[in-house]
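Reader: Hey, got a minute to walk me through this one? I'd like to start with how the helices sit against each other.
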Amino acid sequence: MLLEPIHEVLRGTQNDVLICRDRNSPIDAKYTLWVVHDRGCIRVLLDLFENAPRDLLEGESPYVARFAEGEDLCFLFDYRPQRPLMRFAPGQAETVQQRERISIDLVMACLASPMPFAILCVLLEQNCISIAQDGSIYFTYEADLSQLNPADDEGVCTDLCVTAVLALQEENAKLKSMKLLHMKLEKSAYQSLAELYRDIRLTLVPARKPPLRKRLKALWKRNKDRWFRWLLRISVVIVVITLIVLLSQLFFGDVPLFRLFEHAMDVVGTEHLDGGA
């Protein structure tokens, strides 16, 4: 890699955060770079990454690369543009069920993350949570490590995840699921993310069939492009037929096409079989 900084996100007491691009990459790959210059923070990070109580798949790592730069220690992460959850989720989730789906996806993202819980707590506290246009949840890494507490465990991480879920469902605070989460949060009753996932799943609001007006509106949104194409084709056919009729009438004084709709056997020569002359 030949990393070139293109944007400085943060310059902090413990670390700096830079967005870099790899000049040797044929696809112009971008990364988020932590430049950690505090020795105490470096020791904490190394201990967390090497002794984190998380089951990682073979070859899986919380970061792309780690390297020293002078007295600083650098950690490299895959870059994805920010789409903050709390800003974009309300527009993408119009129903209670959709917001519950996002809540479940948030918990699943925490469960699937290879990050040590103490660092995951920093990401949750600093709202480094984004939502893609397809509704999937991912973390960005523009984090200020001065708030890192190595003692934060899965229980603390779960409480922070509950706080995010409650903020997401603020309009539906009276739901049974939200009341349960709020009660357990006040008592710090959660010890694991799996418990939170189970509670949300058990208290899901059953999906209701939307009213006819909304279904018709959704049907129109899904098919409007296809219907427009068909309407355009029909319009072209009508225009072509009209032009043929007009040209036939202009040059021949008759439209041969219309003869197909006459009763051909009613007229033989100059005689009309229906009795007319």
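**Helix contacts**

Author: Sure. This is a predicted model. In H5, the residues Asp159, Val162, Thr163, Val165 and Leu166 meet Met178, Leu181, His182 and Leu185 of H6.

Reader: What classes of residue does the contact of H5 with H6 have?

Author: Six are nonpolar, two polar and one charged.

Reader: And at what angle do H5 and H6 pack?

Author: About 145°, with the axes 10 Å apart. H5 passes H6 in a left-handed crossing. Helix H6 covers residues 176-186.

Reader: OK, now H4 and H5. How far apart are their axes?

Author: The axes are 9 Å apart, and the angle is about 20°. Angles under 35 degrees count as roughly parallel, so H4 and H5 are roughly parallel to each other. Which residues make the contact? On the H4 side they are Phe117, Leu120, Cys121, Leu124 and Glu125, and on the H5 side Glu154, Val156, Cys157, Leu160 and Cys161.

Reader: How many of those are charged?

Author: Two are charged, eight are nonpolar and none is polar.

Reader: Which hand is the crossing of H4 and H5, left or right?

Author: H4 passes H5 in a left-handed crossing.

Reader: Switching to the whole protein: how many helices and strands are there?

Author: Eight helices and nine strands.

Reader: What share of the residues is buried?

Author: Of the 277 residues, 36% count as buried. The accessible surface comes to about 18,000 Å², with 56% of that belonging to carbon and sulfur atoms.

Technical notes. Residues are numbered from 1 along each chain as its sequence is written. This is a predicted model: local features need pLDDT of at least 70, side-chain atom pairs count only at pLDDT 80 or more; totals for chains, interfaces and linings use all residues. Side-chain values use heavy atoms; hydrogens and water are left out. Axes are lines fitted to C-alpha atoms, for helices over the stretch in contact, and angles run from 0 to 180 degrees between N-to-C directions. Helices (H or I, at least four residues) and strands (E, at least two) are DSSP runs, numbered from the N terminus. Angles under 35 degrees count as roughly parallel, over 145 as roughly antiparallel, 65 to 115 as roughly perpendicular and the rest as oblique. A crossing is left-handed if the near helix is turned anticlockwise from the far one by less than a right angle, and right-handed if clockwise. Contact means heavy atoms within 4.5 Å. Ala, Val, Leu, Ile, Met, Phe, Trp, Tyr, Cys and Pro count as nonpolar, Asp, Glu, Lys and Arg as charged, and the others, Gly among them, as polar. Buried means under 20% relative accessible area, exposed over 50%, partly exposed in between (1.4 Å probe, protein chains only). Accessible areas come from the Shrake-Rupley method with a 1.4 Å probe; for residues, only the protein chains shown count as cover.
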